[in-house]
Amino acid sequence: QVQLVESGGGLVQAGGSLRLSCAASGRVYTVGDMGWYRQFPGSQREMVATIARDFYTNYADSVKDRFTISRDNAKNTVYLQMNSLKPDDTAVYYCKADSMGTQYGPLTDIWGQGTQVTVST
């Protein structure tokens, strides 16, 4: 089974840091553009940061200069380093891969299961 497995969420005080990881598991040969999204209660998912396979990055204005997205193509893994966290960053964070080459053939729009990030005052 091919899936994205996230880790690293949790509870942190305002001003603290967390690092999220998301790894493609199963027989995955290549992963295209990847990204992190978040969802607040009662709202749609919003883009936090994306990174292309060639490492070009894009950030939401609300996280610029605080969050850093990176990836390891050899490990089919994407990371999100979150610094200077604020209570407004509290949300469920999801990783996404736009495409994957797998033993089952090409897949598109693959989402992780989500990980809760809670920032306390």
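**Exercise 1. Charged pairs around K96**

Which side chain meets that of D98 in a salt bridge, and at what N to O distance? Then follow the partner onward and classify each residue by burial.

*Solution.*
- Step 1. This is a predicted model. In the model, D98 pairs with K96, with N and O 2.5 Å apart.
- Step 2. K96 also meets the side chain of D109 in a salt bridge, at 3.3 Å from N to O. That pair links distant parts of the chain: K96 sits in strand 10, D109 in strand 11 (residues 105-111), 13 residues apart.
- Step 3. Buried means under 20% relative accessible area. K96 has 10% relative accessibility, so K96 is buried.
- Step 4. D98, at 32%, counts as partly exposed. D109 is partly exposed too, at 47%.

**Exercise 2. The pair D89 and R38**

Find the closest N to O distance between D89 and R38, place both residues, and decide whether each is buried or exposed.

*Solution.*
- Step 1. The closest N and O atoms of the D89–R38 salt bridge are 3.0 Å apart.
- Step 2. D89 lies in the loop between strand 9 and strand 10, while R38 belongs to strand 5; they are 51 residues apart.
- Step 3. D89 has 2% relative accessibility, so D89 is buried. R38 is buried as well, at 3%.
- Step 4. Widen the view. Shared partners join R38, E46, R66 and D89 into one salt-bridge network. The whole structure holds six salt bridges.

**Exercise 3. An open sheet**

Give the strand order of the four-stranded open sheet, name its edges, and detail the pairing of strand 8 with strand 9.

*Solution.*
- Step 1. The order is 1-3-9-8, with antiparallel pairing.
- Step 2. Strand 1 (3-7) and strand 8 (67-72) each have a single partner strand, so they stand at the edges.
- Step 3. On average, neighbouring strands of this sheet are turned by 15 degrees against each other, direction ignored.
- Step 4. Strands 8 and 9 (residues 77-82) are joined by six bridges. Within this region, F67 has M82 of strand 9 as its bridge partner.

**Exercise 4. Core and loop**

Characterise the largest nonpolar core, then contrast it with G15.

*Solution.*
- Step 1. The core has 31 residues. L4, W36, L80, M82, Y93 and M100 have the most contacts inside it.
- Step 2. Strand 10 gives the most, with five residues.
- Step 3. Take L4. Beyond four places in sequence, L4 touches residues including C22, C95, M100 and W111.
- Step 4. G15 lies in the loop between strand 2 (10-13) and strand 3 (18-25). Its relative accessibility is 54%, so G15 counts as exposed.
- Step 5. Beyond four places in sequence, G15 is in contact with S84 and L85.

Key: Residues are numbered from 1 along each chain as its sequence is written. This is a predicted model: local features need pLDDT of at least 70, side-chain atom pairs count only at pLDDT 80 or more; totals for chains, interfaces and linings use all residues. Side-chain values use heavy atoms; hydrogens and water are left out. Two strands pair if DSSP finds at least two bridges between them. Helices (H or I, at least four residues) and strands (E, at least two) are DSSP runs, numbered from the N terminus. Axes are lines fitted to C-alpha atoms, for helices over the stretch in contact, and angles run from 0 to 180 degrees between N-to-C directions. Buried means under 20% relative accessible area, exposed over 50%, partly exposed in between (1.4 Å probe, protein chains only). Contact means heavy atoms within 4.5 Å. A nonpolar core is a set of buried Ala, Val, Leu, Ile, Met, Phe, Trp, Tyr and Cys residues joined through side-chain atoms within 4.5 Å. A salt bridge is a side-chain nitrogen of Lys or Arg within 4 Å of a carboxyl oxygen of Asp or Glu.
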